[in-house]
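Student: Please pick one part of this model and take a close look at it. Then show me how the rest fits around it.

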Amino acid sequence: MPITGQGIIPSGAIANELTALTRRAFIPKMVVQIYKSTPLFGSLLANAHTTMGGIDPITVPVQGNPYVDFAWAGYSGSFNQPSVQAGAYNAQFTQSLGIIPIPFLGMEGLVQMDQSVIPIIDARMNDAGNVARDAMATALYTNSTNMQQLVGLPAAIDDGTNVVTYGGLSRTTYPWWQSYYVHNGAAVSPTRDLMNQYVNGLVKHSGGEMPTYGLMGFGTWTKLTQDFTSLERYNVGGAGGSYNSGGEAKSLFRALQVAGIPFYPDPYCPEGDLWLMNDNYIGLYIHHGAKFAFTGFTSALPNSQLGYIGAIVVVLQLVNVKPKCQGHIDGLSYIAI
């Protein structure tokens with residue numbers, strides 16, 4: 001109902017007359033209120049790989065044992081007869097299907113024809129992308145057991161504590177398939193020294209490879225910023241000074257860097273968790289024929305309904321081909337924000 005009796009709009013009978021004789025003045029745009037940004041999914045989607053069909057459409061040969069032996073030799077240069085050794089295994093991944101059905105009733109079209117402020121079909125099409133992103137970003141941080149969903153970080157980055165078999169390979173049988181995992185039984189406050197310890201722990205576990213970035217929930221990340229704040233220094237004037245030309249102090253951070261690794265907050269990340277990622281080895285694999293493809297609208301008359309229905313289809317999977325280069329730390333304390 002219109003708001004009357006406020007500002008320049010009167011109340012009572014005059015307001016009713018104005019309401020009956022006057023169109024509303026709309027701002028012709030929809031302001032979405034219910035979704036969140038997603039750094040992890042955005043990064044993965046921007047660097048996604050394309051797959052085709054086949055059984056186990058993502059099969060990656062991984063080397064877990066040496067093919068040859070090393071030996072010291074004396075003056076004679078003699079050595080033992082080499083043996084043929086098996087060193088490769090197949091990591092195999094299936095893909096998950098995501099569908100966003102989109103209805104369009106015939107009467108909606110007739111009612112909105114030439115009179116729409118926001119075409120409802122445009123709003124639904126735009127919302128389809130947001131709904132898909134929200135579902136996938138949620139699954140990335142939560143799903144480890146439902147194989148019909150996008151399998152997320154809890155399965156891709158683990159040492160066998162929570163998920164023993166990943167990509168068809170047992171982390172118990174093949175220890176080199178284990179990620180760096182630290183479980184803190186009691187809440188531990190995130191500090192620069194502790195983050196440095198975790199980064200170096202992962203580097204040692206991976207055999208010398210650095211993570212690319214770290215992800216935390218906003219409350220956990222904010223807790224970490226407090227370990228930096230007391231050490232801020234303000235340089236007045238000069239190149240790179242902490243005061244700009246308007247005399248305003250620049251304080252705190254968009255990202256926190258520890259041991260050369262940037263740490264970012266992600267609103268989808270559960271609080272108390274830290275994920276250390278090496279994006280050289282983890283990414284999304286999207287089917288060539290279902291890259292958020294739109295089926296087109298088809299008549300709903302066979303269902304005894306005047307209208308149309310379409311769908312956006314995506315087939316994809318998160319794949320970690322070198323788990324030992326990824327890390328998961330839980331049990332960190334955080335601020336409720």
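**A loop and its surroundings**

Tutor: Start with Asp114. Its relative accessibility is 71%, so Asp114 counts as exposed. The cut-off for that word is over 50%. Keep in mind that this is a predicted model.

Where is Asp114? It sits in the loop between helix H3 (106-112) and helix H4 (120-142). Now look at its backbone. The phi angle of Asp114 is near 65 degrees, which is a positive value, and the residue is not glycine. Most residues other than glycine have a negative phi. That makes this angle worth finding on the model.

Asp114 has company. Phe292 also has a positive phi without being glycine, here near 55 degrees. Phe292 lies in a loop too, between strand S12 (282-287) and strand S13 (293-294). Is Phe292 exposed, buried or partly exposed? Its relative accessibility is 31%, so Phe292 counts as partly exposed.

Next, follow the chain from the loop of Asp114 into helix H4, which spans 120-142. Met136 is found in this helix. Its relative accessibility is 9%, so Met136 counts as buried. The limit for buried is under 20%.

What does Met136 touch, once its neighbours within four places in sequence are set aside? It is in contact with Phe41, Leu150, Phe292, Val314 and Leu316. So Phe292 comes back into the picture, as a contact of Met136. One more pair is worth tracing here. Met136 and Thr38 are 98 residues apart in sequence, yet their C-alpha atoms are 9.9 Å apart in space.

Now go to the other side of the loop, to helix H3 (106-112). Gly307 leads us there. Gly307 is found in strand S15, residues 307-320. Its relative accessible area is 5%, so Gly307 is buried. Its C-alpha is 7.7 Å from that of Met107, although the two residues are 200 apart in sequence. Gly307 also touches Phe104, Leu105 and Gly106. Thr298, Ser299 and Ala300 are on its contact list as well. That list leaves out residues up to four places away in sequence.

Gly64 offers a contrast in distance. It lies in the loop between strand S2 (58-63) and strand S3 (88-93). Its relative accessible area is 19%, so Gly64 is buried. Setting aside residues up to four places away, Gly64 touches Gly87, Tyr89 and Trp176. Yet Gly64 and Thr22, 42 residues apart along the chain, have C-alpha atoms separated by 75 Å.

How far does the whole trace reach? Along its principal axes, the C-alpha trace spans about 110 × 70 × 40 Å. The protein has 7 helices and 16 strands. Its radius of gyration is 28 Å, well over the 20 Å that the globule rule gives for 337 residues, so the protein is more spread out than a compact globule.

Step back to the contacts. Take those between residues at least 6 apart in sequence. Of these, 73% join residues at least 24 apart. Buried residues make up 36% of the 337 residues. The accessible surface comes to about 19,900 Å², and 56% of it belongs to carbon and sulfur atoms.

Charge comes next. There are 16 positive and 20 negative side chains. The centres of the two sets lie 5 Å apart.

Last, check the cysteines. A disulfide is a covalent bond between the sulfur atoms of two cysteines. The rule asks for a pair of sulfur atoms within 2.5 Å. By that rule the count is 0 disulfides. Cys269 is in no disulfide, and the nearest cysteine sulfur, that of Cys325, is 20 Å away. Why does Cys325 have no bond to Cys269? Its sulfur is 20 Å from the one in Cys269, the closest cysteine sulfur, and that is too far for a bond. Cys269 has 4% relative accessibility, so it counts as buried. Cys325 is buried as well, with a relative accessible area of 0%.

Now return to the loop. Find Asp114 between helix H3 and helix H4. Then trace helix H4 to Met136, and from Met136 across to Phe292.

Note on methods. Residues are numbered from 1 along each chain as its sequence is written. This is a predicted model: local features need pLDDT of at least 70, side-chain atom pairs count only at pLDDT 80 or more; totals for chains, interfaces and linings use all residues. Side-chain values use heavy atoms; hydrogens and water are left out. Buried means under 20% relative accessible area, exposed over 50%, partly exposed in between (1.4 Å probe, protein chains only). Helices (H or I, at least four residues) and strands (E, at least two) are DSSP runs, numbered from the N terminus. The radius of gyration is taken over C-alpha atoms; the globule rule is 2.2 Å times the number of residues to the power 0.38. Contact means heavy atoms within 4.5 Å. Accessible areas come from the Shrake-Rupley method with a 1.4 Å probe; for residues, only the protein chains shown count as cover. Lys and Arg count as positive and Asp and Glu as negative; His and the chain ends are not counted. The place of a charge is taken as NZ of Lys, CZ of Arg, CG of Asp or CD of Glu.
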